[in-house]
Every structure is written in structure tokens, then in C-alpha cells.
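Student: Please take me through one helix of this model in detail, with what it touches and what covers it. Then go on to the other places that deserve a close look.

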Amino acid sequence: MSPQGLGCAQLGNLYTALKDAEAGDTVAAAWESGIRYFDTAPHYGLGLSERRLGDALRSLPRPSYTVSTKVGRLLVPDPAGATRRDPAGFHVPADHRRVWDFSADGVHRSLEASLDRLGLDRIDVVLIHDPEDHQVQALEQAYPALHDLRAQDVVGAIGVGSMQWQVLHRFVAETELDAVMVAGRYTLLEQPALDTLLPRCAQRGVSVLNAGVFNSGLLAVDRPHTGLPYDYHDAPPPMVDRVRAIAAVCARHGTSLPAAALAFAGAHPAVAAVVVGAHDPGQVRRNAALQAAAPPPADFWSELVAEGLLRPDAPVPTSPVGTP
């Protein structure tokens, strides 16, 4: 698995509609940039992301890349919705409905459909997707089903993905996971996962896939402003003000907000990969280059701490010897 993964929600037309060729070019740019981990889900564009990702990967050597997808939402045909747009923020026709299903049968049906859309015969990483309101069923049915499939080598690693670190902590404590995907809860802006989730993952050998590291876009620009998204909604003014303050420290130290955000997101020893979405090949190349570059200097992180903009106990990246 590469240190940076491509989050493929945008391939499902999140926020903006892409043409098939643009989606393919985005995956190709990721491959050319050395990215070998790709994360998708049935939820993303009602299956469109999986189909496009599968098409883009088909000509590439299968052992060379890792794909993760998710279970928990079954896609049920809804012909009556074909003339409406998907209400979940994806620019696709609402010709299917998402049905929450964390049963063992739901897991098997979801995986079968995902394999078909991706055109693969095996999923490398399967994540239980957003089980916040269905934790009992996910623990008692979805997890055992995945545990058995892993034991049979039908799937590779198994895990859970959520924006709620408390849910992830419960699964890490009560099950035998390989990975968790924490979305937006361990970023340069906020680090609630630092107290208990990340230490527990390190203790139990659970890999952390750190996603949403731009907090839906608020940290993705050099000059943050009102109207940017935070957790898929407009960022509240106090959050924008805090990010502006971080950006000002970045400018004083000759770095950028996205560069600092990516460097920070991968610095914790429990983090195995930073998962970043992109709308086009240019964004992919920028993100890959930023993460591959030397991190901001030590005094940058010290100033953030001194200004109350970063927790003093958060691990930060170290610059190579000889780097100013």
C-alpha cells in the first residue's frame, strides 16, 4: 500500500460531474504519481465510482495495487427516481436507493455487487461503512461475516470506516480488525482521534487509513475563505478563522496550508496511508508532490503550538538531516 491513497468519491461525481474520460485520467495520474492504493464504495455515486475505478485499473497489473471498498449500504433499483438527481450530493440520476444493511446476507450481496462493478475477483480491503446508527448489527453480523471471509481468503484485510472516532474505537476494542479509516478526525485542524483511538490502534496493530485530511476542502487551498466545505457543509465562521490563522503561520514559514495538512496527516506512527480525493489529474499530481516533498521545518510546528493552533502532544513530521 502506498503512503498516499486516492479517495474515489469524486469519481462518483461528488460535488461536480466528471466525464468518464476525466475520471480515467484522474486514476491514470494517480498511478503515474506512484499511488497504488484506491478507496471506493457503493455509496459514491450509486456505484459509479466503483465502475469507473474498475475500468481505469483494468489494464494495470493486479498484484501492484490495493483496492478498498465498503459494505453497509445496498443499492436497490429505483426506476422512478431516474429523472431526479441523487439527494446525497452526487451528480448522478437517483435510479437506485441506498438501503442500510449490516446483516451477513447484506455483506455478501454488497460484496458480490461491488466485485461485479469493479470487475475484480477479490477485494483487498473491505470496510464496514458508517455503522454509527447500526453498531449492534454491524458488530454481531457484518463483522463476523467479514471475519469468516477473511479466514477463507475470499477478502484480504477487513476494517471499519467512520467520521466518528468513538465508533472506530469500539470496533478496535471489541473485534480483530486489520484497519480503520478515520475521516476528518485527525487533521491539522482537529485531532480528537489522538487521545484514545490512535493509541489503541497502535497497541493492537491496527493500521489507520487517514481520510478527509482536508476536512472536506477547508484545508485544501492556500487562502481559506468563507463558503468552503467542512464535513460536507459550509464551514462555520469560527472554523474558517482558525484555518486562516494556521494559513498565516504557513505563509510565514514558506509553506502552504495543503502541504502542511498532508505532512501532518501522515506523521502519526499508526497511520499507514493518507487518503486524498481529487477532481482532476492536476489535483492528484499536486497532492502527491506535496506529500513527497520535505515537510515544513520544526519551528513551523512550534509556532502552531505556541499560538494554540495545534496540540503539543500531536506527532509532527521531521525534516531530513540537512534540510533547513
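Tutor: The account below starts with one helix and then turns to loops, a second helix and aromatic rings.

The model is a predicted one. The helix to begin with is α2, which runs over residues 48–57. Seven of its ten residues are buried, so α2 is largely enclosed by the rest of the structure. The buried residues are L48, S49, E50, R52, L53, G54 and L57. Among the elements that cover them are helix α1 (20–32), strand β2 (37–39), strand β3 (66–71) and helix α3.

Of these covering elements, α3 can be described in geometric terms. Helix α3 spans residues 104–118, and its axis comes within 7 Å of the axis of α2. The two axes cross at roughly 45°. That angle lies between the limits of 35 degrees for roughly parallel and 65 degrees for roughly perpendicular, and α2 and α3 are therefore oblique to each other. On the α2 side the contact is made by E50, R51, L53 and G54, and on the α3 side by S114, R117 and L118. By type, the residues of this contact divide into two nonpolar, two polar and three charged. E50, L53 and G54, which take part in the contact, are also listed among the buried residues of α2. As for the spacing of such positions, an α-helix has 3.6 residues a turn, so residues three or four places apart point the same way.

Helix α1, another of the elements covering α2, leads to a long-range pairing. A28 is in helix α1. With a relative accessibility of 32%, A28 counts as partly exposed. A28 and V284 are 256 residues apart in sequence, yet their C-alpha atoms are 9.6 Å apart in space.

The loop between β1 (4–7) and α1 holds N13, and Y15 is found in that loop too. N13 is not a glycine, but its phi is positive, at about 70°. Y15 also has a positive phi, near 70°, in a residue other than glycine. As to accessibility, N13 counts as buried because its value is 5%, whereas Y15, at 35%, counts as partly exposed.

Another loop, between β4 (73–77) and β5 (96–100), contains A94. The relative accessibility of A94 is 7%, so A94 counts as buried. With neighbours within four places in sequence left aside, A94 is in contact with L46, D78, G81, A82, R84, R85, D86 and P87. A94 and T83 are eleven residues apart along the chain and 7.2 Å apart from C-alpha to C-alpha.

E176 belongs to the loop between α5 (165–174) and β8 (179–183). Apart from neighbours within four places in sequence, the contacts of E176 are Y143, H147, R150 and I158. E176 and P93 are 83 residues apart along the chain, and 38 Å separates their C-alpha atoms.

A second helix can be set beside α2. Helix α8 (residues 257–265) is mostly covered, with nine of its nine residues buried. These are L257, P258, A259, A260, A261, L262, A263, F264 and A265. They pack against strands β1, β9 (207–211) and β12 (271–277), and against helices α7 (237–252), α9 (281–292) and α10 (298–306).

F264, one of the buried residues of α8, leads on to the aromatic rings. One aromatic cluster is formed by Y186, F264, F300 and W301. F300 and W301 make an edge-to-face pair, with 4.8 Å between centres and 70° between the planes. F300 and W301 are buried.

In the whole structure, a search finds seven aromatic pairs. One of them is W100 with F102, a stacked pair with 5.9 Å centre to centre and 15° between the planes. The two partners fall into separate accessibility classes: W100, at 41%, counts as partly exposed, and F102, at 0%, counts as buried.

One further ring has a charged partner. R36 lies over the face of W31, at 3.6 Å from the ring centre.

Conventions. Residues numbered from 1 in each chain as written. Predicted model: local features only at pLDDT ≥ 70, side-chain atom pairs only at ≥ 80, totals over all residues. Heavy atoms only, no water. Axes fitted to C-alpha atoms, helices over the stretch in contact; angles between N-to-C directions. Helix = DSSP H or I, 4+ residues; strand = E, 2+ residues; numbered from the N terminus. Parallel < 35°, antiparallel > 145°, perpendicular 65-115°, else oblique. Contact = heavy atoms within 4.5 Å. Nonpolar A, V, L, I, M, F, W, Y, C, P; charged D, E, K, R; others polar. Phe/Tyr/Trp six-rings, centres within 6.5 Å; stacked < 30°, edge-to-face > 60°. Buried < 20%, exposed > 50% of the residue type's maximum accessible area, 1.4 Å probe, protein only. Lys NZ or Arg CZ within 6 Å of the ring centre and 35° of its normal.
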